[in-house]
Amino acid sequence: MATEPIDLEAAGTCVGPDGSAIGMPQLCADWMPNQIFWLLIALAAIYFVLSRIALPRIATVLAERQGTITNDIAAAEDLKQKAVEAEDAYNKALADARSEAQAIIAQNKAEMQAELDKAIAKADAEIAAKSAESEKAIAEIRASAVESVEAVAKDTAGSIVAALGGQADDSTVAAAVDARMKG
Amino acid sequence: MATEADGHSDGGLVFHPMDQFIVKPLFGDGAVNMFTFTNVALWLLLAVACVIALMVLGTSKRARVPSRTQSVAELAYGFVYKMVEDVTGKDAVKYFPYIFTLFMFIVFSNFLALIPSSFSPTSHIAVTAVLGFGVFIAVTVLGFVKNGAGFLGLFWVSSAPLALRPILAIIELISYFVRPVSHSIRLAGNIMAGHAVLKVFAGFAAITAVAPLSILGITAIYALEVLVAFIQAYVFTILTCVYLKDALHPSH
Amino acid sequence: MEGDLAHIGAGLAAIGSGAAAIGVGNVAGNYLAGALRNPSAAASQTATLFIGIAFAEALGIFAFLVSLLLMFAV
């Protein structure tokens, strides 16, 4: 470079006495063998390193990554399939459970209906029995009430006749009351 | 780029835009012979070190979920691999390491050359000519090995009218032999031009009045050079793929 | 005076850079026009775009090279 002192004899024909280039440095034939030599070394080194180490390594890394991605996608597909299957199974189970529940409900309903019917029938029968009994009781009560009325009427009639100063025996009074009550 | 241009060395503005390309020995003051450890050698080996750091150390963990360095390495791998596959075809994948070597070398040389006061090996025609002619010779030999004399069908445009074919053959032949020249000079010229322009702008910075403008210009050109550094590596690689395609499938 | 003529020649050769710029602009512009008409095909043609730019630019680089040679090597 220009500012550094350069040994004139060593610099050769391509560098002027002031240290700057004469003509184009690119065309200086003195320097070309050196450049070519080192260039070939550099290229050989790069080629060797790349082809032996770097490129196979990168190729494997890329292939591995591709493989991993493919595997992962396949696995994801698989899992998705499984999820779909699981969903189907779930839906089926749900449907089964629902129909079973329906059946149980129907059965329970039928049982309940039967029991209810039975209970109603029993209740009806009891009610009927009770009402018959009550009717009988009422009839008895009525009958006894009529009898009592007759007795009371006979007594009352006898007492009234006696009070009025009449004389009446019991049978006449009774016959008269009976006749009245029938009338 | 070398140290900044010595603007007022003897009064007026003096530009030495080409001084940054001078090859000089790093140890001792001998003449530059073939095996001298020069600045070229240093920056070439630095490029090698960077490639190794990225592609070998960066991927040493072989992580399934890549680290930052590893994903850059994988990105570069995928980028060039796809380029080879798309442009040249699936059967060219076995030449991928060569093409990838070229790409990584050029990319890192170009980017390392953008460090201020560094040296840019790819701006030297000797360097790029080795790359370009290397590709040219390899592709030509490969073409003849794979296709035999059928490789010459590359120059015989069978879709053209018969009368035109000899003329076209000459044109194709010339363009074929210009390929390595343009291939290498494109890279060297781009890098050299960019760095020389940077240097010229830096020279203007010696005048106080225009120094801000000059610094602004350097910034803009530098940004362009970052782009060019990548694009030229890309173009070199993709043209290599195109030439390789011609060798493998010479029929038009 | 020989050096002066060489410098004039170098300047003339640098015009080639401008011509190359026109070429590159043509390639990029036409690519963009095509890409806007058919955006789905744009991505597949990026490689072609860069190859086209590279070819157009190579000739500019040749002009630049001639210019440099005249400046420094003659």
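The following dialogue asks how terms such as buried, exposed, contact and core are applied to this predicted model.

Student: What should I know about numbering and thresholds before reading this model?

Tutor: Residues are numbered from 1 along each chain as its sequence is written, while chains are lettered from A and ligands numbered from 1 in the order in which they are written. Since this is a predicted model, local features need pLDDT of at least 70 and side-chain atom pairs count only at pLDDT 80 or more, whereas totals for chains, interfaces and linings use all residues.

Student: How do you know which part of chain A has the lowest confidence and which the highest?

Tutor: The score to consult is pLDDT, the predictor's confidence in each residue, from 0 to 100. Chain A averages 85, and 92% of its residues score at least 70. Helix α1 of chain A (residues 8-11) has the lowest mean, 47, and helix α2 of chain A (residues 32-163) has the highest, 90. Over residues 1-10 of chain A the pLDDT stays under 50, although the model has 25 contacts beyond four places in sequence for them. Where pLDDT is low, the predicted coordinates should not be read in detail.

Student: What makes the elements of chain B helices or strands, and how many of each are there?

Tutor: Helices are DSSP runs of H or I with at least four residues, and strands are runs of E with at least two, numbered from the N terminus. By that rule chain B has 6 helices and 0 strands, and the order from the N terminus is α-α-α-α-α-α. The C-alpha trace of chain B spans about 65 × 55 × 40 Å along its principal axes.

Student: Why is B:Gly134 called partly exposed?

Tutor: A residue is buried if 20 or more other C-beta atoms, placed from the backbone, lie within 10 Å of its own, exposed if 12 or fewer, and partly exposed in between. B:Gly134, in helix α4 of chain B, has 18 C-beta neighbours inside 10 Å and therefore counts as partly exposed. Its C-alpha atom is separated by 8.5 Å from that of B:Pro180, 46 residues away along the chain.

Student: Why does B:Val228 count as partly exposed?

Tutor: B:Val228 has 19 other C-beta atoms within 10 Å, so it is partly exposed. This residue is found in helix α6 of chain B, and it touches B:Asn190 and B:Gly194, not counting residues up to four places away in sequence.

Student: Why are B:Arg62 and B:Ser117 called exposed?

Tutor: B:Arg62 has 12 C-beta neighbours inside 10 Å and therefore counts as exposed; B:Ser117 is exposed because it has 10 other C-beta atoms within 10 Å. B:Arg62 is in the loop between α1 and α2 of chain B and has a positive phi of about 50° although it is not a glycine. B:Ser117 is found in the loop between α3 and α4 of chain B, and its phi, near 65°, is likewise positive in a residue other than glycine.

Student: What makes α3(B) a mostly covered helix?

Tutor: Of its 18 residues, 15 are buried, while for chain B, with 252 residues, 42% count as buried. Helix α3 of chain B (residues 96-113) reaches 25 Å from its first C-alpha to its last, close to the 26 Å expected at 1.5 Å a residue, where the expected span is 1.5 Å times one less than the number of residues.

Student: What makes a group of residues a nonpolar core, and which element gives the largest share here?

Tutor: A nonpolar core is a set of buried Ala, Val, Leu, Ile, Met, Phe, Trp, Tyr and Cys residues joined through C-beta atoms within 7 Å. The largest one has 85 residues, and among those touching the most other members are A:Ala42, B:Leu44 and B:Phe103. The largest share of this core, 12 residues, comes from α3(B). B:Phe103 touches B:Val80, B:Ala233 and B:Thr237, not counting residues up to four places away in sequence.

Student: How do you know that chains A and B touch, and what is the class make-up of the chain A side?

Tutor: Two residues are in contact if their C-beta atoms, placed from the backbone, lie within 7 Å, and 41 residues of chain A are in contact with 50 residues of chain B. The side of chain A that touches chain B receives the most from α2(A), with 26 residues. That side has 28 nonpolar, 8 polar and 5 charged residues, where Ala, Val, Leu, Ile, Met, Phe, Trp, Tyr, Cys and Pro count as nonpolar, Asp, Glu, Lys and Arg as charged, and the others, Gly among them, as polar.
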